[in-house]
Amino acid sequence: MRQGFVPFRGYRTWYCIVGDCAPGTLPLLCLHGGPGSSHAYFAPLEQLAAMGRQVVFYDQLGCGDSDRPDDGSLWSVELFVEEVDAVRDALGLDRIHLLGQSWGGILAQEYALTQPDGLASLVLSSTLASADQWVAEQRRLLEALGPGAGDDEYHAAYFCRRDPPPPETEQWKAKRNVAVYEAMWGPNEWTCTGVLAGWDVRARLGEMRVPALVLSGRYDACTPVVAETLVRGIPDAEHVLFEDSAHIPFVEEPERYRRVLTDFLRRVEAERAVSDTARAPEAGVPPSV
């Protein structure tokens with residue numbers, strides 16, 4: 001495990017690299033949710049390193065172990081997209097798989113829409129394509145809990161259903177910066193008043209031309225309507241549902257999540273290797289992942 005800081009806009013973004021790439025594999029870069037949370041709940045994904053997969057985490061600017069500027073004007077989608085590139089450049093991540101969870105999935109989609117070089121695949125875990133659609137679904141879920149339900153009841157039902165909460169989620173909460181969440185999203189999941197109000201990429205999902213995997217839980221805040229929007233909009237996207245999970249199946253069903261993820265990434269890499277081998281004799285380019 002290697003840790004350090006990447007310079008970014010005069011501040012420091014904390015990163016952690018776990019494991020090394022086995023031959024024929026690419027690193028997995030993980031974008032955590034929030035906004036303003038941290039990578040801490042991704043701890044179960046560290047075990048991918050034992051399977052020959054390098055995994056790279058970082059805490060987005062403003063939260064976790066990264067610097068926390070006291071400047072509300074900083075927070076924008078553009079800043080966080082730029083930060084992905086800064087991390088990749090600093091760590092030499094020329095070709096990657098990109099996983100985004102919840103808000104991290106919004107960020108992953110925005111990044112993919114810039115058509116960056118070296119993006120091998122996209123994993124969208126419990127995320128969304130439209131802020132308005134998400135808000136409508138969260139209000140419906142909240143109402144289903146009955147009168148008087150609030151944040152505590154909502155999170156117990158739709159974020160993580162394990163009782164007691166696993167340590168990963170407690171660490172995740174401890175490193176949050178609520179000010180970033182409120183600036184980017186709003187006071188709660190069913191009220192979007194921040195920068196992301198009205199955010200919508202549904203009309204642009206067809207522009208994502210890399211292999212895509214959509215993951216969600218049976219009891220997820222990412223409801224079937226939300227997940228299906230992604231699956232139908234992204235060309236040839238695959239979908240896997242985790243029957244015993246809410247919003248964080250990598251914590252709630254970690255072994256199955258790792259198996260599903262590993263199978264997808266290996267298939268992408270195998271298909272790429274076959275394609276490169278077929279092109280190599282005429283293009284004069286050696287096969288690569």
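A pocket is an open set of grid points with protein on both sides within 12 Å along at least five of seven lines, and its lining residues have an atom within 4 Å of a point. The model shown in these views is predicted.

**View A. The second largest pocket.** Gly-217, Arg-218, Cys-222, Thr-223 and Pro-224 lie nearest the centre of this pocket. They belong to a lining of 15 residues. The space inside is about 150 Å³. Two helices and two strands each supply at least two lining residues: α3 (131–144), α7 (224–233), β7 (212–217) and β8 (238–242). Helix α7 gives the largest share, three residues. By class, the lining has seven nonpolar, four polar and four charged residues.

**View B. The largest pocket.** This pocket holds about 610 Å³ of space. Its lining counts 30 residues. Nearest the centre are His-155, Phe-159, Trp-172, Lys-173 and Arg-176. Helices α4 (151–158), α5 (167–174) and α6 (178–184) are the elements that give two or more residues to the lining. Of these, α4 gives the most, with six residues. The lining divides into 13 nonpolar, nine polar and eight charged residues.

**View C. The cavity and its wall.** The structure holds one cavity of 30 Å³ or more. The largest cavity contains about 80 Å³ of space. Its lining is made of Gly-34, Pro-35, Ser-102, Trp-103, Ile-106, Leu-128, Trp-134, Trp-185, Glu-189 and Leu-196. Seven of these residues are nonpolar, two are polar and one is charged. Gly-34 and Pro-35 in this wall are joined by a cis peptide bond. Trp-103 and Ile-106 in the lining are also among the buried residues of helix α2.

**View D. Stacked and edge-to-face rings around Phe-80.** Twelve aromatic pairs turn up in a search of the whole structure. One of them joins Trp-75 and Phe-80. This pair is stacked, at 6.0 Å centre to centre and with 10° between the planes. Trp-75 and Phe-80 are both buried. Phe-80 also pairs with Trp-103: the ring centres are 5.4 Å apart and the planes stand at 80°, so this pair is edge-to-face. The pair links distant parts of the chain, with Phe-80 in helix α1 (residues 77–91) and Trp-103 in helix α2 (residues 103–112), 23 residues apart. Both Phe-80 and Trp-103 are buried.

**View E. Phe-80 and its surroundings.** Phe-80 is placed in helix α1. Its relative accessibility is 1%, so Phe-80 counts as buried; the cut-off for buried is under 20%. Leaving aside neighbours within four places in sequence, Phe-80 is in contact with Gln-60, Leu-61, Trp-75, Trp-103, Leu-107, Val-180 and Met-184. Tyr-111 is 31 residues from Phe-80 in sequence, yet the two C-alpha atoms are 9.0 Å apart.

**View F. The covered helix α2.** Helix α2 is mostly covered, with ten of its ten residues buried. The buried residues include Gly-104, Gly-105, Leu-107 and Ala-108. Gln-109 and Glu-110 are also among them, next to Tyr-111 and Ala-112.

**View G. An aromatic cluster and two charges over rings.** Ring pairs tie Tyr-41, Phe-42, Phe-57, Phe-159, Trp-172, Phe-242, Phe-250 and Tyr-257 into a cluster. Phe-159 and Trp-172 in this cluster are also among the residues nearest the centre of the largest pocket. The ring of Phe-242 carries the charged end of Arg-256 over it, 4.8 Å from the ring centre. Elsewhere, Arg-12 has its charged end over the ring of Phe-5, 4.0 Å from the centre.

**View H. Two cis prolines.** The peptide bond between Gly-34 and Pro-35 is cis, with omega about -5°. Pro-35 lies in the loop between strands β3 (28–31) and β4 (55–58). The bond from Asp-163 to Pro-164 is also cis, with omega near 5°. Pro-164 is in the loop between α4 and α5.

**View I. Positive phi at Gln-115 and Asp-236.** Gln-115 is not a glycine, but its phi is positive, near 55°. Gln-115 sits in the loop between α2 and β6 (119–125). With 45% relative accessibility, Gln-115 counts as partly exposed. Asp-236 also has a positive phi, about 60°, without being a glycine. Its place is in the loop between α7 and β8. Asp-236 reaches 75% relative accessibility, so this residue counts as exposed.

Key:
Residues numbered from 1 in each chain as written. Predicted model: local features only at pLDDT ≥ 70, side-chain atom pairs only at ≥ 80, totals over all residues. Heavy atoms only, no water. Phe/Tyr/Trp six-rings, centres within 6.5 Å; stacked < 30°, edge-to-face > 60°. Buried < 20%, exposed > 50% of the residue type's maximum accessible area, 1.4 Å probe, protein only. Helix = DSSP H or I, 4+ residues; strand = E, 2+ residues; numbered from the N terminus. Lys NZ or Arg CZ within 6 Å of the ring centre and 35° of its normal. 1 Å grid on protein atoms, 1.4 Å probe; cavity = no way out; pocket = protein on both sides within 12 Å on 5 of 7 lines; lining within 4 Å. Points joined across faces, edges and corners; volume = space filled by probe spheres on them. Nonpolar A, V, L, I, M, F, W, Y, C, P; charged D, E, K, R; others polar. Contact = heavy atoms within 4.5 Å.
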